[in-house]
Amino acid sequence: MSPLLDVCPVDELQPGSCRIIDWEGDPIGVFNCDGEILAMEDRCSHDGAPLAEGVLDPERCTIECPRHGAIFDLRTGIPATLPAYVPVETFPVVIEDGLIKIEVD
Ligand code: FES
């Protein structure tokens, strides 16, 4: 089983908000998309921008890269628009005892 990384209590991540955590020096963005918790590498596959600083669309579960505007699907990490064309990594989310955790490997 993959190790679980603690993020925060569920009630500390309100809908439409995000939190960045560090995993062995790599940032991971954890997002609340209207109640659905999703985790994705916080580095754009196009030019390395911090995706969590972009515009979150909680209804569509997408994030727009703050540097050149590529839009990523937070469920899959797949870019829906150019200039990015390579997916970013996503991580399974587990809710345990009221805590958000993510599976990392
Ligand atoms: S760095 Fe994200 S689209 Fe260019």
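What follows is a short exchange about this predicted model.

Colleague: Which numbering and confidence rules apply here?
Modeller: Residues are numbered from 1 along each chain as its sequence is written. In this predicted model, local features need pLDDT of at least 70, side-chain atom pairs count only at pLDDT 80 or more, and totals for chains, interfaces and linings use all residues.

Colleague: How many helices and strands are in the protein?
Modeller: Helices (H or I, at least four residues) and strands (E, at least two) are DSSP runs, numbered from the N terminus. Read along the sequence, the pattern is β-β-β-β-β-β-β-β-β-β. The count is zero helices and 10 strands.

Colleague: What radius of gyration does the protein have, and why does it agree with a compact globule?
Modeller: The radius is taken over C-alpha atoms, and the globule rule is 2.2 Å times the number of residues to the power 0.38. The C-alpha trace spans about 40 × 25 × 20 Å along its principal axes. With 105 residues, a compact globule would come near 13 Å, so the protein agrees at 13 Å.

Colleague: What percentage of the residues is buried?
Modeller: A residue is buried if 20 or more other C-beta atoms lie within 10 Å of its own, exposed if 12 or fewer, and partly exposed in between; C-beta atoms are placed from the backbone. Of the 105 residues in the protein, the buried ones make up 29%.

Colleague: What share of the contacts with a separation of 6 or more comes from residues 24 or more positions apart?
Modeller: Two residues are in contact if their C-beta atoms, placed from the backbone, lie within 7 Å. Among contacts with a separation of 6 or more, residues 24 or more positions apart account for 39%.

Colleague: Which strand gives the most to the largest nonpolar core?
Modeller: A nonpolar core is a set of buried Ala, Val, Leu, Ile, Met, Phe, Trp, Tyr and Cys residues joined through C-beta atoms within 7 Å. The largest has 22 residues, and Val30, Phe31, Ala39 and Leu74 have the most contacts inside it. β3, β4 and β10 (99–103) each supply at least two residues of this core. The top contributor, with four residues, is β3.

Colleague: Which residues does Leu74 touch, leaving out those up to four places away in sequence?
Modeller: Leu74 is among the core residues with the most contacts inside the core. Beyond its sequence neighbours up to four places away, Leu74 touches Phe31, Cys33, Leu38, Met40, Cys61, Thr62 and Ile63.

Colleague: Which strands stand at the edges of the sheet β5-β6-β7?
Modeller: Three strands form this open sheet, with antiparallel pairing. Two strands pair if DSSP finds at least two bridges between them. One side only is paired in each of the edge strands, β5 (55–57) and β7.

Colleague: Which residue of β6 stands opposite Leu56?
Modeller: β5 and β6 (residues 62–64) pair in the antiparallel sense over three bridges. Opposite Leu56 in β6 stands Ile63.

Colleague: Why is one side of β1 and of β9 left without a neighbour in the sheet?
Modeller: The open sheet runs β1-β10-β9, with antiparallel pairing. β1 and β9 (93–96) stand at its edges, so one side of each lacks a neighbour: each has a single partner strand.

Colleague: Which residue of β10 stands opposite Val93?
Modeller: β9 and β10 pair in the antiparallel sense over four bridges. Opposite Val93 in β10 stands Ile102.

Colleague: With which residues is Ser2 in contact, leaving aside neighbours within four places in sequence?
Modeller: Ser2 lies in the segment before β1 (4–9). Ser2 is exposed, because 11 other C-beta atoms lie within 10 Å. The C-alpha atoms of Ser2 and Val104 are separated by 5.9 Å, although the two are 102 residues apart along the chain. Its contacts are Glu103, Val104 and Asp105.

Colleague: Is Glu24 buried or exposed?
Modeller: Glu24 sits in the loop between β2 (18–23) and β3 (26–33). Its phi is near 50 degrees, a positive value in a residue other than glycine. With 6 other C-beta atoms within 10 Å, Glu24 is exposed.

Colleague: What is phi of Asp34?
Modeller: Asp34 lies in the loop between β3 and β4 (36–41). Asp34 is exposed, with 11 other C-beta atoms within 10 Å. Asp34 is not a glycine, yet its phi is positive, at about 50 degrees.

Colleague: What is omega at the cis peptide bond?
Modeller: Pro83 is found in the loop between β7 (71–73) and β8 (90–91). The cis bond joins Leu82 and Pro83, and omega is about 10 degrees.
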